[in-house]
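Here is a briefing on a single model, arranged by topic. Keep the structure in view while reading.

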Amino acid sequence: MAKKFEAVSWDAEEYVIRSRNTWWYVGLVVVTLALSALAVWLEGWTFLILIILSAITILVSNLRPPRKLHYTLDKNGLTEGTKLYKYEDFKAFGILKEEEHFSAILIPKKRFGLQVKVYFPMGSGEAIVDALGARLPMEEVKLDVLDKIVNFLRI
């Protein structure tokens, strides 16, 4: 007799809020001004525009609170809000712990496919791992270089 698949649902924020003190914002302003001065000195006007837009984007995205999303793992796949990620698009999954936050990472089959990373509360972890493990093999995952840089810069 086939084991009945139990759907698992949880709510979590779309990304981790990283603590930033006043010095982080001062550093952003100093780096922006230094790179802007360099762009003006080199007469790189496109570079200057890129620097200013990047600084504004980083500031706005860091001030915007993360949305609370509803996730469901069922027989069809992972549903994030209204978007469905089907199991057959992924070759494996892994669990990652960043500081005190846990996330499940779905690893795509396609070479240049994007990973899907969803955060979950620790209390739901066992049910989520069991539900994913019933459909996908588990692999060890590590932060890539870009993730390490983003964590270091607290973006």
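**The loop between H1 and H2**

Glu43 is exposed, at 58% relative accessibility. This is a predicted model. The notes below start from Glu43, which sits in the loop between H1 and H2, and then move to helices, strands and pockets.

- Glu43 has a positive phi of about 55°, although Glu43 is not a glycine.
- Most residues other than glycine have a negative phi.

**Ile51 in helix H2**

- Ile51 belongs to helix H2.
- With a relative accessible area of 7%, Ile51 is buried, because buried means under 20%.
- Leaving aside residues up to four places away in sequence, Ile51 touches Thr32, Leu35, Ser36 and Ala39.
- Ala39 lies twelve residues from Ile51 in sequence, and their C-alpha atoms are 8.7 Å apart.

**Helix H3 and what covers it**

- Helix H3 spans residues 125-133, and its Gly125, Ile128, Ala131 and Leu132 are buried.
- Viewed down the axis of H3, the buried residues fall within an arc of 135°, so they line one face of the helix.
- Which strands help to cover the buried residues of H3? The cover includes S1 (8-13), S2 (68-73), S5 (90-98), S6 (101-108) and S7 (116-120).

**Strands S1 and S2**

- S1 has two faces: Val8, Trp10 and Ala12 make up the covered one, while Ser9, Asp11 and Glu13 make up the uncovered one.
- Six bridges pair S1 with S2 in the antiparallel sense.
- Glu13, on the uncovered face of S1, has Lys68 in S2 as its bridge partner.

**The S3-S4 hairpin**

- S3 (residues 77-80) and S4 (residues 83-86) run antiparallel and are joined by four bridges.
- Leu78 stands opposite Tyr85 in S4.
- Two residues lie between S3 and S4 in this hairpin.
- Gly81, in the turn, has a positive phi of about 65°.

**The largest pocket**

- The largest pocket holds about 770 Å³ of space.
- Its lining counts 25 residues, and the closest to its centre are Tyr15, Lys117, Tyr119, Asp147 and Val150.
- Helix H2 (45-63), S7 and helix H4 (145-153) are the elements that give two or more residues to this lining.
- Which element gives the largest share of the lining of the largest pocket? H4 does, with four residues.
- By type, the lining of the largest pocket divides into twelve nonpolar, four polar and nine charged residues.

**The second largest pocket**

- About 320 Å³ of space lies in the second largest pocket.
- The second largest pocket has 15 lining residues, and Leu28, Val31, Thr32, Ile58 and Leu153 lie nearest its centre.
- The elements giving two or more residues to this lining are helix H1 (22-41), H2 and H4.
- How many charged residues line the second largest pocket? There are no charged residues in this lining, which divides into twelve nonpolar and three polar.
- Thr32 links two topics: Thr32 is among the residues nearest the centre of the second largest pocket, and Thr32 is one of the contacts of Ile51.

Note on methods: Residues are numbered from 1 along each chain as its sequence is written. This is a predicted model: local features need pLDDT of at least 70, side-chain atom pairs count only at pLDDT 80 or more; totals for chains, interfaces and linings use all residues. Side-chain values use heavy atoms; hydrogens and water are left out. Buried means under 20% relative accessible area, exposed over 50%, partly exposed in between (1.4 Å probe, protein chains only). The arc is that of the directions from the helix axis to the C-beta atoms. Contact means heavy atoms within 4.5 Å. Two strands pair if DSSP finds at least two bridges between them. On a 1 Å grid over the protein atoms alone, a cavity is a set of points where a 1.4 Å probe fits but cannot get out, and a pocket is an open set with protein on both sides within 12 Å along at least five of seven lines; lining residues have an atom within 4 Å of a point. Grid points are joined across faces, edges and corners, and a volume is the space filled by probe spheres set on the points. Ala, Val, Leu, Ile, Met, Phe, Trp, Tyr, Cys and Pro count as nonpolar, Asp, Glu, Lys and Arg as charged, and the others, Gly among them, as polar.
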